[in-house]
Amino acid sequence: MASKSNLYAGLAGYVGRPDQKGMVGVFVRPAETGRWEHKITDQETFTVNVHPTDPNLVFAGTADGVYRSTDRGKTFQRTDFPGKTQIWSFLVDADNPKLVYAGGSPIAIYRSEDCGETWRKMPDPGMPDRAVMPFACRVMRMAQHPKQPGTIYAALEVNGVMRTTDGGESWTDCSQDLIRLAQMPHLKSKIVSDTYNEGMLDGHAIAISAAEPDKVILAVRMGLFETTDAGETWQDMEVGRFSPTTYGRDIKVSPQDPNTLYAALSVAAASKDGGVYCSTDKGQTWRRFDKVQVHGTVMSLALHGTDPDQVYIGARYDGEVYGTEDGGSTWQPLPLPSGVKDIYSLAVG
């Protein structure tokens, strides 16, 4: 389809399949050509993010820190970033567009005050290790309180949720009630760790809507959960009432309508099915939004910052990307080149 916007995909090579290594880095699909171009070719990339007020600025979180484009993805350069650290998430401050946060693995927060040109490492969040995993825990997503800019929540894989109220200088653990829920038989899950708490601590995405600024929604392996008391208690949103698949990988709030949410729900981390669900009542009810059949876990949703009709989804294994530019009425395949394996992140702008 003739695209209205640039599309970006972050690729992390392979997971658990060392004999099936794929391409890594960042692919860009410029609106002008509609053809994918491989821009970062030598670094596993776990997240891509288009600056919400300046589409010329694109951030890539790689196995070697932060890379940045200032020309809408034509070129990327490594920023002045301290050390060689995996970066899994970005958050641009809603009040100060020059202020950008990055989340790392092992768990760490970095902060830039010049639109991502230079970075400094924030104090250690001090989160306890709750599950022995074959990888270091990661800051997967961050969400900012709409009325309290210094308050940010972070979803951790595999370590629950943490919260700051001072812009990342210090953090509070918000995971104790998730561990309580993990004692319930249907919420126990142990795959690669030493604890059945693993599934409830397996945080993938987190979101806050301006329509309900004190409600935080968390996507974990066991579904979607919400808190209205700053993480003291968590409630199961029981998304399984609406979807046959409940593995929560991504959740985002529409930039244009705070009542509208999108969630990526699949079978598991390694699966051949999944879908995108939409809620227009802040998460009370959900309906299937996409009209495609993916062949891998849906890893990422990309929502356009100004055009509500544009939604893109990326599935894990075979470079599967689909997009709609008419609010979900029709969908077009936008596959990445052959040889691409694990899509981790999509962005549009």
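Two strands are taken to pair if DSSP finds at least two bridges between them, and strands themselves are DSSP runs (E, at least two residues), numbered from the N terminus, as are helices (H or I, at least four residues). The structure described here is a predicted model, in which local features need pLDDT of at least 70 and side-chain atom pairs count only at pLDDT 80 or more, whereas totals for chains, interfaces and linings use all residues. Residues are numbered from 1 along each chain as its sequence is written, and side-chain values use heavy atoms, with hydrogens and water left out.

On this basis, an open sheet of four strands is found with the order β12-β13-β14-β15 and antiparallel pairing. Its edges are formed by β12 (138-144) and β15 (172-173), each of which has a single partner strand, so that one side of each is left without a neighbour in the sheet. At the β15 edge, strand β14 (residues 160-164) is joined to β15 by two bridges, the two running antiparallel, and R163 stands opposite T172 in β15. In general, the strands of a sheet pair through backbone hydrogen bonds, either parallel or antiparallel.

Further pairing is seen around strand β25 (residues 311-315), where Y312 is found. On one side of the pairing, strand β24 (residues 298-303) and β25 are matched in the antiparallel sense over five bridges, with L301 standing opposite I313 in β25. Strand β26 (residues 320-324) also pairs with β25 in the antiparallel sense, over five bridges, and here A315 stands opposite E320 in β26. The hairpin of β25 and β26 has four residues between the strands, and in it G319 takes a positive phi near 65°.

Burial was assigned from relative accessible area (buried under 20%, exposed over 50%, partly exposed in between, with a 1.4 Å probe and protein chains only). Five of the five residues of β25 are buried, so this strand is largely enclosed by the rest of the structure. Both of its faces are covered, since V311, I313 and A315 on one side and Y312 and G314 on the other are all buried. For Y312 the relative accessible area is 1%, which places this residue in the buried class. The side chain of Y312 is joined to that of Q310 by a polar contact of 2.8 Å, a polar contact being a pair of N or O atoms within 3.5 Å, of which, within protein, one must be able to donate a hydrogen and the other to accept it, while residues adjacent in sequence count only if both atoms are side-chain atoms. The C-alpha atoms of Y312 and P333, which are 21 residues apart along the chain, are separated by 9.8 Å.

The structure holds 18 salt bridges, each defined as a side-chain nitrogen of Lys or Arg within 4 Å of a carboxyl oxygen of Asp or Glu. One of them is formed by the side chains of D64 and R78 (3.1 Å, N to O). This pair links distant parts of the chain, with D64 in the loop between β5 (58-62) and β6 (65-69) and R78 in strand β7 (residues 77-78), 14 residues apart. At 12% relative accessibility D64 counts as buried, whereas R78, at 32%, counts as partly exposed.

Another salt bridge involves the four-stranded sheet, where R138 meets E157 with the closest N and O atoms 2.8 Å apart. R138 lies in strand β12 and E157 in strand β13 (residues 152-157), so the pair ties together parts that are 19 residues apart in sequence. Both R138 and E157 are buried, and together with R249 they are linked in a network of salt bridges. The side chains of E113 and R111 likewise meet in a salt bridge (3.3 Å, N to O), and R111 is buried, with a relative accessible area of 17%.

With disulfides defined as pairs of cysteine sulfur atoms within 2.5 Å, the count comes to zero. Among the residues that are buried are C115, at 16% relative accessibility, and C278, at 4%.
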